[in-house]
Amino acid sequence: MKRLIVNGDDFGASRGINRGVIEANAKGILTSASMMVDRSASEEAARLGARLPTLGVGLHVVLPPPAAPAEAEAEVQRQLERFIELSGQMPTHIDSHHHVHRDPRLLPAFLAVAERERLPLRGHCGVHHIATFYGQWDGETHLEHVSPNAMRRIVSFELEEGLNELCCHPGYVDGDLESSYSRERQTELETLCDPEIAAMLREGTIPLVTFRDLRAP
């Protein structure tokens with residue numbers, strides 16, 4: 001059976017992002033989010049996430065460049081402990097801002113923490129990761145890649161048997177957000193909340209799940 005985790009990155013980056021994540025969970029197909037722990041809206045994100053039993057919340061590790069491999073493991077562990085301090089619980093999974101854990105120099109640090117804490121790490125836990133739902137390519141905005149038609153194509157052709165994770169970035173743009181990925185976020189949110197997309201998943205008998213449904217590695 002194909003099962004789908006719809007995960008919103010950058011939870012906690014700003015109040016507008018938090019609002020978008022909560023709305024996408026309450027009104028749309030978002031089931032999971034990855035929370036930054038050192039941003040101005042991180043505490044709000046933790047409070048909001050705790051009120052939503054249907055939302056799985058993981059750790060979105062931020063390592064500012066140039067990150068030193070020798071110090072990376074301690075920093076990942078620190079951010080994990082900060083996550084627990086804010087939310088009162090373990091994250092459902094670990095991933096990273098701008099996918100820095102894919103860097104071969106930094107990956108061992110992430111793997112060490114994930115294995116020690118028995119947490120799924122994006123791309124290393126048996127979940128098929130889908131990153132094509134993204135509205136900016138080669139520095140240019142392409143909203144057609146985050147449209148309902150794009151979502152239909154992904155569901156039709158990119159899901160594999162077993163667990164899949166669709167990475168997304170829903171949210172509202174506000175003055176607190178420091179990101180070149182801006183108006184694309186609201187288009188993503190609109191697509192995630194499109195009732196026809198939810199109906200398509202139901203008709204295709206594709207359950208929406210979280211990383212809680214993945215057995216610990």
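The following exchange concerns helix packing and empty space in a predicted model.

Modeller: This is a predicted model, in which local features need pLDDT of at least 70 and side-chain atom pairs count only at pLDDT 80 or more, while totals for chains, interfaces and linings use all residues. Residues are numbered from 1 along each chain as its sequence is written, and side-chain values use heavy atoms, with hydrogens and water left out.

Biologist: Why are α1 and α2 called roughly parallel?

Modeller: Helix α1 (residues 15-27) packs on α2 at an angle of about 15°, with the axes 9 Å apart. Axes are lines fitted to C-alpha atoms, for helices over the stretch in contact, and angles run from 0 to 180 degrees between N-to-C directions. Angles under 35 degrees count as roughly parallel, over 145 as roughly antiparallel, 65 to 115 as roughly perpendicular and the rest as oblique. The pair α1 and α2 is therefore roughly parallel.

Biologist: What makes the contact between α1 and α2?

Modeller: Arg15, Asn18 and Ile22 of α1 meet Glu44, Ala45 and Leu48 of α2, where contact means heavy atoms within 4.5 Å.

Biologist: Why are α2 and α3 called oblique?

Modeller: The axes of α2 (residues 42-50) and α3 (residues 69-87) come within 9 Å and cross at roughly 60°. That angle falls in none of the other classes, and α2 and α3 are therefore oblique to each other. In this contact, Ser42, Glu43 and Ala46 of α2 meet Arg82, Leu86 and Ser87 of α3.

Biologist: What makes a space a cavity, and how many are there of 30 Å³ or more?

Modeller: On a 1 Å grid over the protein atoms alone, a cavity is a set of points where a 1.4 Å probe fits but cannot get out, whereas a pocket is an open set with protein on both sides within 12 Å along at least five of seven lines; lining residues have an atom within 4 Å of a point. By this rule there is one cavity of 30 Å³ or more. The largest cavity holds about 30 Å³ of space, a volume being the space filled by probe spheres set on the points, which are joined across faces, edges and corners.

Biologist: Which residues line the largest cavity?

Modeller: Its lining consists of Ala45, Ala46, Gly49, Ala50, Val57, Ser87 and Gln89. Helix α2 gives the largest share, four residues.

Biologist: Which residues lie nearest the centre of the largest pocket?

Modeller: They are Asp10, Met36, His60, His97 and His98, from a lining of 33 residues. The volume of the largest pocket is about 660 Å³.

Technical notes
Helix = DSSP H or I, 4+ residues; strand = E, 2+ residues; numbered from the N terminus.
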